[in-house]
Amino acid sequence: MDGYEKARTYSALPGTSEHQTGLAIDVTGGNGKCPAEDCFAGTIEAAWLERNAAEYGFIIRYPKGKDTITGYKYEPWHLRYVGKDVAVDVTTKGITLEEYFNTQPVSK
């Protein structure tokens, strides 16, 4: 079992999950393997999302190497709808939503 602080790096506190807004979804591959698991990162579907999500207005909400900024570990399966313009800007610049809006993560 993980302690409280570690659990906060991958699980939102009650009332703070982006899923509750209706703007975030978790996805998996067509074969159903690796749902909300680290192994999803190595799939064809994850690579496609990295290349194409912004075209549909989505960002990978918790990108690799940005956990100190977002407050959450890398989650290639967690998509957030932000609209095409914002998604393209965030993705092109390689920044997080926190950096885009100059805010602190919810988990802090």
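Helix α2 spans residues 44-52, and its residues Ala46, Leu49 and Asn52 are buried (under 20% relative accessible area, with exposed meaning over 50% and partly exposed lying in between, for a 1.4 Å probe and protein chains only). Helices (H or I, at least four residues) and strands (E, at least two) are DSSP runs, numbered from the N terminus. The three buried residues lie on the same side of α2 because they cover an arc of only 150 degrees around the axis, the arc being that of the directions from the helix axis to the C-beta atoms. Ile44, Glu50 and Arg51, on the other side of α2, are exposed. The cover over the buried residues of α2 includes β2 (58-62) and β3 (75-81), where contact means heavy atoms within 4.5 Å.

The model is predicted: local features need pLDDT of at least 70, side-chain atom pairs count only at pLDDT 80 or more, and totals for chains, interfaces and linings use all residues. Residues are numbered from 1 along each chain as its sequence is written, and side-chain values use heavy atoms, with hydrogens and water left out.

Strands β2 and β3 also belong to an open sheet of 3 strands, which has the order β1-β3-β2 and antiparallel pairing; two strands pair if DSSP finds at least two bridges between them. The edge strands, β1 (24-26) and β2, each pair on one side only. From one strand to the next, the twist averages 40 degrees, with axes taken as lines fitted to C-alpha atoms (for helices over the stretch in contact) and angles running from 0 to 180 degrees between N-to-C directions. The antiparallel pairing of β1 with β3 comprises 3 bridges. The bridge partner of Asp26 in β3 is His78.

Salt bridges were defined by a side-chain nitrogen of Lys or Arg within 4 Å of a carboxyl oxygen of Asp or Glu. By this rule, 6 salt bridges are counted. One of them joins Arg80 and Glu18, whose closest N and O atoms are 2.7 Å apart. Arg80 lies in strand β3 and Glu18 in the loop between α1 (4-7) and β1, so this pair ties together parts that are 62 residues apart in sequence. Arg80 counts as buried at 17% relative accessibility, and Glu18 is likewise buried, with a relative accessible area of 11%.

A further salt bridge is formed by the side chains of Arg61 and Glu98 (2.7 Å, N to O). Arg61 belongs to strand β2 and Glu98 to helix α5 (residues 97-101), so the pair ties together parts that are 37 residues apart in sequence. Both Arg61 and Glu98 are buried. The side chains of Lys66 and Glu99 also meet in a salt bridge (3.5 Å, N to O). This pair links distant parts of the chain, with Lys66 in the loop between β2 and α3, Glu99 in helix α5, and their positions 33 residues apart. Lys66 is buried, with a relative accessible area of 19%, whereas Glu99 counts as partly exposed at 33% relative accessibility. Glu18, Arg61, Arg80 and Glu98 are joined into one network by salt bridges that share partners.

Thr70 is located in helix α3 (residues 67-70) and counts as buried at 1% relative accessibility. The side chain of Thr70 reaches the backbone oxygen of Tyr72 at 3.0 Å.

How values were computed. Polar contact = N/O pair within 3.5 Å; in protein donor to acceptor, adjacent residues only side chain to side chain.
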